[in-house]
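This report looks at how strands and helices are arranged in one chain of a structure, beginning with a strand pairing and moving outward to the helices.

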Amino acid sequence: MLNDPSISTAIGLILEKSLNTALRYDPATRVKLQTLNSKIVKLSCHSPNIELTFFITDEEIRVSAIDDANDADVIISGEASEFLSLLGQSTYSLSDLNIEISGKVSLLNQIQTILSDVEIDWEEPLTEILGVVPGHALAESLRSSFSWVKKQSNSVKQAIPELLTEELRAVPSETELNHFYQEVDQLSSASQRIDARIQRIKQTLVTKQI
Amino acid sequence: MSEKNTTHFGYEQVNTDEKAGRVAGVFHSVAAKYDIMNDLMSAGAHRIWKRFTIELSGVRPGNTVLDIAGGTGDLSRKFSELVGDKGRVVLADINDSMLNVGRDKLTDLGVAGNISFAQADAQYLPFPDNTFDCITIAFGLRNVTDKDLALRSMLRVLKPGGRLLVLEFSKPSNPLFAKIYDTYSFSILPKIGKLIANDEDSYRYLAESIRMHPDQETLKSMMDNAGFSQTKYYNMTGGAVAVHKGYKP
């Protein structure tokens with residue numbers, strides 16, 4: 001069931017609609033994208049097997065689930081879990097993940113740079129694909145899921161430092177660290193002052209001998 | 001009534017002359033609520049099935065496309081975009097109510113210029129031989145009285161090398177899924193039909209006609225017998241729907 005073509009078609013459709021809707025309201029990015037006209041990027045995902053081909057044209061990005069592009073400029077392949085771990089990250093390094101890239105790697109960098117400022121709203125493509133009522137309901141539940149995940153992630157971000165510094169006392173707190181850095185800075189300044197005084201005394205002794 | 005002169009209308013045996021009229025009655029009744037019912041019945045999946053069919057069609061700028069049983073114009077709309085100014089799309093449907101809804105919808109969406117509309121019977125397509133690069137029939141073949149005759153008619157109007165795509169309900173491959181699907185089709189679907197379109201019978205016919213439609217392998221051999229080559233099919237949503245593709249040699 002997971003290798004059903006309707007799944008890759010649905011994913012392709014949602015991606016295509018989302019990207020193109022975002023591009024429609026962002027003429028600057030659209031102009032930048034024209035430099036990549038007729039470039040083809042293929043994404044090959046394993047477990048489940050999903051093959052998507054991205055055709056970049058003057059005006060939009062077309063996403064196809066049919067594997068008929070033998071002349072892709074760059075091919076990205078890897079496990080679905082690796083691709084999923086990329087979602088929601090503003091900065092990432094593919095080298096940390098088990099994702100293989102073949103072809104023109106520089107093209108990926110260009111695409112990443114161009115699309116980095118694009119903001120995607122998932123509601124329009126979902127309503128277009130699923131209809132107004134189910135699409136809106138799914139978009140709402142996705143929004144609240146993302147918001148829950150974000151909230152949880154923020155509270156985890158807040159709770160972990162507290163646990164490590166206050167409860168476990170495993171690492172110093174930020175205030176303690178800052179105090180320590182200040183002491184180090186003062187020590188460094190004091191040693192520089194001593195060094196300067198020694199140099200001055202040395203200089204005085206040399207002058208008196210002469 | 002001899003067996004040769006009868007055919008099925010859902011689970012009912014009817015005279016072959018009678019089926020087209022009975023099917024027409026169903027579609028006259030559901031035409032106005034057709035799109036919203038499709039969304040509700042398939043939870044929007046019909047758009048994905050159609051999208052896959054369009055991708056599989058490989059339609060390019062300049063192509064001539066015939067969308068049989070095109071109904072409310074979902075496929076024709078996308079084909080019109082794909083074939084461009086130099087191409088041509090014909091949206092054909094035997095039912096004038098469906099055709100009117102489709103034509104109004106496409107006109108409202110600004111789809112015009114390279115599209116024309118024809119009220120046509122799939123069994124006797126009113127086009128010259130070797131006219132189209134691609135023919136699609138989405139959720140229409142099961143309503144045709146003589147499917148073999150319709151397939152031969154499609155082969156005739158296709159150009160050599162042209163392709164036919166048949167998107168139709170089919171037989172789920174997983175027995176457990178088939179059981180759930182049956183329960184949904186016969187218990188829930190007619191109720192949705194009654195609630196939304198105030199027409200329980202038409203949606204019961206829909207469920208019955210799906211069960212009476214040839215399964216994947218049977219339809220593939222029917223296409224082979226009609227003269228198509230390289231025929232193959234793609235199951236979607238666990239085989240509940242399948243797209244068959246074949247070329248005119």
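In this predicted model, strand β7 (residues 158–169) of chain B runs antiparallel to strand β9 (residues 241–247) of chain B, and the two are joined by 7 bridges. Within that pairing, Leu167(B) stands opposite Val243(B) in β9(B).

The two strands belong to an open sheet of 7 strands in chain B, whose order is β5-β4-β3-β6-β7-β9-β8 and whose pairing is mixed. The sheet is bounded by β5 (115–119) and β8 (229–236) of chain B, edge strands that each pair on one side only. On average, and with direction ignored, neighbouring strands of this sheet are turned by 15° against each other.

Helix α6 (residues 147–157) of chain B packs on the sheet, where it touches β3 (64–68), β6 (132–138) and β7 of chain B, and the direction of α6 makes about 145° with that of β7(B).

A helix pair can be described in similar terms: helix α3 (residues 45–57) and helix α4 (residues 74–83), both of chain B, pack at an angle of about 35° with their axes 10 Å apart, and their crossing is right-handed. The residues that make this contact are listed by helix below.

| Helix | Contact residues |
|---|---|
| α3(B) | Lys50(B), Thr53(B), Ile54(B) |
| α4(B) | Asp74(B), Leu75(B), Lys78(B) |

Sorted by character, the residues of the contact of α3(B) with α4(B) comprise 2 nonpolar, 1 polar and 3 charged.

Note on methods
Residues numbered from 1 in each chain as written. Chains lettered and ligands numbered in written order. Predicted model: local features only at pLDDT ≥ 70, side-chain atom pairs only at ≥ 80, totals over all residues. Axes fitted to C-alpha atoms, helices over the stretch in contact; angles between N-to-C directions. Helix = DSSP H or I, 4+ residues; strand = E, 2+ residues; numbered from the N terminus. Left-handed = near helix turned anticlockwise from the far one by under 90°. Contact = placed C-beta atoms within 7 Å. Nonpolar A, V, L, I, M, F, W, Y, C, P; charged D, E, K, R; others polar. Pairing = 2+ DSSP bridges.
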